[in-house]
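Here is a short briefing for a first look at a protein model. Please keep the sequence and the 3D view open as you read.

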Amino acid sequence: MRLLLDTHVWLWLALDPERVSADVQAVIGSVDTEIYVSVATLWEAVIKMSLGKLKLPDSAETFWQRQTRDSGMAVLAIRPEHVLDVAALPHIHRDPFDRMLVAQARVERLTIVTADRNMRAYPVATLSAETP
């Protein structure tokens, strides 16, 4: 399985893993699962940090390095095909970062791991990260 983590799921796994369901944690931990984190997630986290809405235990650079590359997650760059696919999306969600993640998942044929019900309404494969 190839998964793209929504920003909040990436943060939960690092800072508050019990918020992610045990089933999803098992899928993420499987050796057969490829985990992707988008540069859009880093961008969103850095903006939230600068606005005082997110506190991380380290600098953004150190946290990003530790929680992606050092943990075996692949970094998904934003490519022109991803940006162009945003135009084809229905206007279900107004958050530009979430719309980018949906577009990336569509283009790259990834399943998004999210607790956001609006994202799950898009024409893309999703996996609910919600705990029961």
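The points below go from strands to helices, then to the cores and to two single residues.

This is a predicted model. Strand S2 (34-38) is among the elements that cover the buried residues of helix H3. S2 is also among those that cover the buried residues of helix H4. Two nonpolar cores are described, one with 20 residues and another with 16.

**Strands**

- S2 pairs with strand S1 in the parallel sense, over three bridges. In this pairing, Arg2 stands opposite Glu34 of S2.
- S2 also pairs with strand S3 (residues 74-76), again in the parallel sense and over three bridges. Here Tyr36 stands opposite Ala74 of S3.
- S2 is mostly covered, with four of its five residues buried.

**Helix H3**

- H3 spans residues 39-50 and has 12 residues. From first C-alpha to last it reaches 17 Å, close to the 16 Å expected at 1.5 Å a residue.
- Ala40, Thr41, Glu44 and Ala45 are the buried residues in H3. Down the helix axis they fall within an arc of 135 degrees, so they line one face of H3.
- Trp43 and Ser50 are exposed on the other side of H3.
- The cover over the buried residues of H3 includes strand S1 (2-5), helix H1 (7-15), S2 and helix H6 (96-108).
- Ser38 caps the N-terminal end of H3. One of its side-chain oxygens lies 2.9 Å from the backbone nitrogen of Ala40.
- Gly52 follows H3 and has a positive phi, near 80 degrees.

**Helix H4**

- Phe63, Trp64 and Gln67 are the buried residues of H4. Their arc around the axis is only 100 degrees, which puts them on the same side of H4.
- H1, S2, H3 and S3 are among the elements that cover these buried residues.

**Nonpolar cores**

- Which residues touch the most other members of the largest nonpolar core? They are Leu5, Trp10 and Val113, in a core of 20 residues.
- S1, H1, helix H2 (22-29), S2 and H4 (60-67) each supply at least two residues of this core. H1 gives the largest share, four residues.
- Another core lies apart from this one and has 16 residues. Leu76, Ala105, Leu110 and Tyr122 are among them.
- Leaving aside neighbours within four places in sequence, Trp10 is in contact with nine residues named here: Leu5, Val37, Thr41, Ala45, Phe63, Trp64, Gln67, Thr68 and Met73. Of these, Phe63, Trp64 and Gln67 are the buried residues of H4. Thr41 and Ala45 are among the buried residues of H3.

**His82**

- His82 lies in helix H5 (residues 80-86).
- Is His82 buried or exposed? It is buried, because its relative accessible area is 0%, and under 20% counts as buried.
- Beyond its neighbours within four places in sequence, His82 is in contact with Leu76, Ala77, Met100, Ala103, Gln104, Val107 and Glu108.
- The side chains of His82 and Glu108 are joined by a polar contact of 2.8 Å.
- A polar atom of the His82 side chain also lies 3.4 Å from the backbone oxygen of Ala77.
- His82 and Ser59 are 23 residues apart along the chain, and their C-alpha atoms are separated by 28 Å.

**Arg109**

- Where is Arg109 found? It sits in the loop between H6 and strand S4 (111-114).
- Arg109 has a phi near 55 degrees, a positive value in a residue other than glycine.
- Arg109 counts as exposed because its relative accessibility is 70%, and the cut-off for exposed is over 50%.

Terms used. Residues numbered from 1 in each chain as written. Heavy atoms only, no water. Buried < 20%, exposed > 50% of the residue type's maximum accessible area, 1.4 Å probe, protein only. Contact = heavy atoms within 4.5 Å. Polar contact = N/O pair within 3.5 Å; in protein donor to acceptor, adjacent residues only side chain to side chain. Expected span 1.5 Å × (residues − 1). Arc of directions from axis to C-beta. Pairing = 2+ DSSP bridges. Core = buried A, V, L, I, M, F, W, Y, C linked by side-chain atoms within 4.5 Å.
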